[in-house]
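Please walk through the structure shown below, starting from one residue and working outward to the chain as a whole.

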Amino acid sequence: MKGRLIDLTFGMDGKQRITVTVDEDFRETWDNLHDADVSIEIKKYRKRRSLDANAMMWEFCSKIAEATGTTKEEVYRHNIREVGQYTPLPIREDAVEEFSRIWSEHGTGWFVEVVDDSKIEGYKLVFAYHGSSCYDTKQMSRLIDNVLQDAKSIGIETMSERERSLMMDAWTPR
């Protein structure tokens, strides 16, 4: 829900009170919860992403996979590896497999690549890649451009620059 912080005051009881305006009709939620303790999370508003850009990316991953005899997930991970975001981490050698399993539970684009031995004895240096679900507009645009370039390189017809630009203008990060 989108809103705006308006005021912060301090009550006589020492507690802080915030005033928030909201863009949606809040009456039903108020009726259900006004006399109960609630969990509150306030964070900077971001428009939800357009599914068109994400769906288009997966469509081209599927076309590339079909043409190259691989899976769309492998095509996606390949592109994540080429342009994606990752966190370099030293992981204890005996914990790499378990860390990889847990990390990959975030989604298809969340995977671990062992890069080298770490400078720390008994550790491996791993790159923990982040899936596109956490990408901002610039990062997602770069990923889509890379997928489209892969498609073009094997003769798959892609969209015009204008179509791509319009689609990316409508795309917003989660």
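Methionine 57 is found in helix H2 of this chain, and the model that places it there is a predicted one. Is methionine 57 buried or exposed? Its relative accessibility is 1%, so it counts as buried, the limit for that class being under 20%. Leaving out residues up to four places away in sequence, methionine 57 touches Tyr76, Ser132, Met140, Leu143, Ile144 and Val147. A residue much further along the chain can also be located relative to it: aspartate 145 is 88 residues away in sequence, while the C-alpha to C-alpha distance between methionine 57 and aspartate 145 is 9.2 Å.

The next topic is aromatic pairing. Over the whole structure, a search finds seven aromatic pairs. One of them joins tryptophan 58 and tyrosine 76, with ring centres 4.5 Å apart and planes at 35 degrees. This pair is classed as tilted because the angle falls between the limits, under 30 degrees for stacked and over 60 for edge-to-face. The two rings come from distant parts of the chain: tryptophan 58 belongs to helix H2 (residues 51-68) and tyrosine 76 to helix H3 (residues 72-83), with their positions 18 residues apart in the numbering. Tryptophan 58 has 23% relative accessibility and therefore counts as partly exposed. Tyrosine 76 has 4%, so this residue counts as buried. Tyrosine 76 is also one of the residues that methionine 57 touches.

Elsewhere, ring pairs link Tyr86, Phe111, Phe127 and Tyr129 into a cluster. A ring can also have a charge over it: lysine 63 lies over the face of phenylalanine 60, at 4.9 Å from the ring centre.

Helix H3 can be checked for its length. It has 12 residues, and at 1.5 Å a residue these should span 16 Å; the C-alpha atoms at its ends are 17 Å apart, which agrees. The expected span uses one less than the number of residues. Which residues of H3 are buried? They are Val75, Tyr76, Asn79, Ile80 and Val83. Around the helix axis these residues cover an arc of only 140 degrees, so they lie on the same side of H3.

Back in helix H2, threonine 68 provides another position to inspect. Its relative accessible area is 44%, which means that threonine 68 is partly exposed. Threonine 68 and tyrosine 86 are 18 residues apart along the chain, and their C-alpha atoms are separated by 26 Å.

Leucine 8 has its place in strand E1, which runs over residues 3-10. With a relative accessible area of 45%, leucine 8 is partly exposed. Which residues are in contact with leucine 8, once its neighbours within four places in sequence are left aside? They are Gln16, Arg17 and Ile18. For isoleucine 18, the separation from leucine 8 is 10 residues in sequence and 4.6 Å in space, taken C-alpha to C-alpha.

Glutamate 105 lies outside the helices and strands, in the loop between helix H4 (96-104) and strand E4 (112-117). Its relative accessible area is 57%, so glutamate 105 is exposed, the limit for that class being over 50%. From glutamate 105 to methionine 140 there are 35 residues in sequence and 21 Å in space, C-alpha to C-alpha. Methionine 140 has already appeared among the residues touched by methionine 57.

The remaining points concern the chain as a whole. It has six helices and five strands, and from the N terminus on the elements run β-β-α-α-α-β-α-β-β-α-α. Of its 174 residues, 30% count as buried. How does the radius of gyration of the chain compare with that of a compact globule of 174 residues? Such a globule would have a radius of gyration near 16 Å, but the chain has 22 Å. Taken along the principal axes, the C-alpha atoms fill a box of roughly 65 × 50 × 25 Å. Among contacts between residues at least 6 apart in sequence, 61% join residues at least 24 apart.

Key. Residues numbered from 1 in each chain as written. Predicted model: local features only at pLDDT ≥ 70, side-chain atom pairs only at ≥ 80, totals over all residues. Heavy atoms only, no water. Phe/Tyr/Trp six-rings, centres within 6.5 Å; stacked < 30°, edge-to-face > 60°. Helix = DSSP H or I, 4+ residues; strand = E, 2+ residues; numbered from the N terminus. Buried < 20%, exposed > 50% of the residue type's maximum accessible area, 1.4 Å probe, protein only. Lys NZ or Arg CZ within 6 Å of the ring centre and 35° of its normal. Arc of directions from axis to C-beta. Contact = heavy atoms within 4.5 Å. Rg over C-alpha atoms; globule rule 2.2 N^0.38 Å.
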